[in-house]
Structures are given as C-alpha cells and as structure tokens.
Amino acid sequence: MQLEKFYNILLKNFQSFKVSFYKHSAKSNAGRKPKITDEEIAAAFILSYITGMPVLKIARQFIDDSIKSYHIFRKSRIKRIYELLRIYLQMRILSVIIEVLVSNKKPRLIVDGTILPVANLNRARTQRIKRFNGKMFWVRRKRNLYSQHYKKRVKFEEIYYGVLVMVICDTKGRVYDIWFHPASYHEVKSFRLRAKTSIWFKRLISFFEVIGDKGYRGCENVIVCETKEDKAQRQIIESIFSRLKQFNALSRWRKGITLLSYLYAYAIGYSFFRYCEV
C-alpha cells in the first residue's frame, strides 16, 4: 500500500511537470487511449531504483498486468522517456542552483567516472555483444592498492568490457549531469567532449567550481584535490557509483538510449528520493 502511494506521488509529480514545462507529446493516429503513458513509465523507472524491482514488473503491478516489454522499451517510446527524465532532472537542479544563489554559498561540484561492465569478459571475447560492439569498449586499467596480506602496495591490472559513466554532483550527492562514453575513453577526454556537445554542462562548469582527482591534472575547468578536506568531499561520488552498479545489474538494458534513461532515472532517484522508505 505504501509503495502504491509513493508511485502515485511520483506520477502526479511528472504529470504536473509535463503540463508546466514539457510540451513534447507523441503523435498518434489511433483514437484510443494508450495502454501506458510516458509519465507512468518515467515514474516506474524511478521507483525501480528505489525498490530494486524491474521496470516491467512495476508497470504490470501498478498500471496494467497485460503490459508487454515493447510498450515501454520500443525505440520511439524510450526516446521520449529519456527526454522527459533529462529535462525533469535539469529543472529540479535549476531550483537547487537558485537556492544556492539566494543563500550566497560558494558553489562547488565534484566530477569523476567509473566503468560499468556491459558483458562478461569470456563472453565478450568469444561472441558479438549486441548492446555495444567494438574495440573501443575494451579497457585495461592499472591499479595500485594496499594489500593486507602482503602488507604493502600491490600493482595489478584489471580488464573491462563496458562503458565509462561520468557523473558531476555537489557535496550533498545531488547529480547535476550524467553521461557515458566507451570504456576506452579517458575521463578527461570524456569531460572535454561533454563540454563541447552539451550546453547544460558547459554552463555548469563555467558557473561552478569543479574538483576532481589527480587524473584530471591539466584539464580545463577542473581543480585537482590536494587537501584532506577536498579529498573528503569527493567521497560522496564513490557512494553514487556503488549504488549505480547495483542498479545497473537490475536494469537489463539493451540499447544505449535505454541505458541513458536508466542513468537519468537513477540520478533523479538518488538525488531527491534516496532517503524515502517504501
């Protein structure tokens, strides 16, 4: 009962937002009412993060038990869901920025990236992966970690087949922007490409002070963390990544646009609803 109540709150939130800000609507030649609306799907995506339930299961439980996966994940529909979630996140963050300006606080953001596995390594070596395919999704990362067994720092390599997910957030864990590139891209390259292609991101890094780890040394608009206070502030982004990897295992996405929809749903859920109990 509490879960259904929270779903209805999310649904009303998206319905009021779409009326006020989001004018894009699907063109339909059919005279009948759609089985599931864009706002209902967007609410289901966010509820999926909060509850750990698949989106299709939530849609069948709260909307219509005859709903099929193509009602939600077909290409034309999922593009609209992505746009709705993206603009909703930006409007919520815009209200946060206005609040920061009114309070005269010094704005500061944190940027970092993590590898999200796309497929098992053995499967990626022997089969063609339908999600993403190509050498650019392979990456080899060198690590230097302290070993409790050997009582010293140990160097080793990790191999991934996946995508590089980049996040920019504030010190309270609110995600301001999220995107992905192939895993072989360096985080600095991904940061620069985002600055070239996204007006929203370009405005963020010009207005806010952005901090990053030593891997961002030499990157424009990023201040490298040197003090213990700066490094402590960066810990919030590590918790974002840990929850993101759990959500990715649940999502079972097939296409890049679907992954973007899940990423924005995760960003909204983590930023504004992570303390909700359902």
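Let's call a residue buried when its relative accessible area is under 20%, exposed when that figure is over 50%, and partly exposed in between. By that cut-off Arg77, with a relative accessible area of 5%, is buried. Keep in mind that what you are looking at is a predicted model.

Arg77 is a handy place to start, since its side chain forms a salt bridge with Asp38, with 3.0 Å between the closest N and O atoms. This pair ties together distant parts of the chain: Asp38 belongs to helix H2 and Arg77 to helix H5 (residues 75-103), and the two are 39 residues apart. Asp38 has a relative accessibility of 7%, so this residue counts as buried as well.

From Asp38 we can walk along H2 itself. The helix runs over residues 38-51, 14 residues in total, and spans 20 Å from its first C-alpha to its last, close to the 20 Å expected at 1.5 Å a residue. Of those 14 residues, 13 are buried, so H2 is largely enclosed by the rest of the structure. Right after the helix comes Gly52, which has a positive phi, near 80°.

Now over to H5, the helix that holds the other end of that bridge. Leu84 sits in this helix, and because its relative accessibility is 0%, it counts as buried. If you want a sense of scale, take the C-alpha atoms of Leu84 and Ile159: they are separated by 35 Å, with the two positions 75 residues apart along the chain. Val102 is also placed in H5, but here the relative accessibility is 66%, so Val102 counts as exposed. Together with Leu94 and Ile98, Val102 makes up a nonpolar patch on the surface, and the three share about 280 Å² of accessible area.

Back to the charges. Side chains of opposite charge can pair when their charged atoms come close. Searching the whole structure turns up 13 salt bridges. One of the pairs is Arg108 with Asp230, where the closest N and O atoms are 2.7 Å apart. This is another link between distant parts of the chain, with Arg108 in strand E1 (residues 108-117) and Asp230 in helix H9 (residues 228-233), 122 residues apart. How do the two partners sit with respect to the surface, buried or partly exposed? Arg108 is at 21% relative accessibility and so counts as partly exposed, while Asp230, at 14%, counts as buried.

Arg217 and Glu226 form a further salt bridge, at 3.2 Å from N to O. With a relative accessible area of 53%, Arg217 is exposed. Salt bridges can also join up into a network, and Asp112, Asp213, Arg234 and Glu238 are linked in just that way.

Last stop, the cysteines. How many disulfides are there? With sulfur atoms needing to be within 2.5 Å of each other to qualify, the count comes to 0. Cys219 is in no disulfide, and the nearest cysteine sulfur, belonging to Cys225, is 13 Å away. Cys225 in turn has its closest cysteine sulfur in Cys169, at 11 Å, which is too far for a bond. Burial is easy to read off for this pair: Cys219 has a relative accessible area of 6% and is therefore buried, and Cys225, at 8%, is buried too.

Methods: Residues are numbered from 1 along each chain as its sequence is written. This is a predicted model: local features need pLDDT of at least 70, side-chain atom pairs count only at pLDDT 80 or more; totals for chains, interfaces and linings use all residues. Side-chain values use heavy atoms; hydrogens and water are left out. Helices (H or I, at least four residues) and strands (E, at least two) are DSSP runs, numbered from the N terminus. The expected span of a helix is 1.5 Å times one less than its number of residues. Buried means under 20% relative accessible area, exposed over 50%, partly exposed in between (1.4 Å probe, protein chains only). A salt bridge is a side-chain nitrogen of Lys or Arg within 4 Å of a carboxyl oxygen of Asp or Glu. Patches are made of residues with over 30% relative accessible area and no salt bridge: like charges are joined within 9 Å, nonpolar side chains (Val, Leu, Ile, Met, Phe, Trp, Tyr) within 5 Å. Accessible areas come from the Shrake-Rupley method with a 1.4 Å probe; for residues, only the protein chains shown count as cover.
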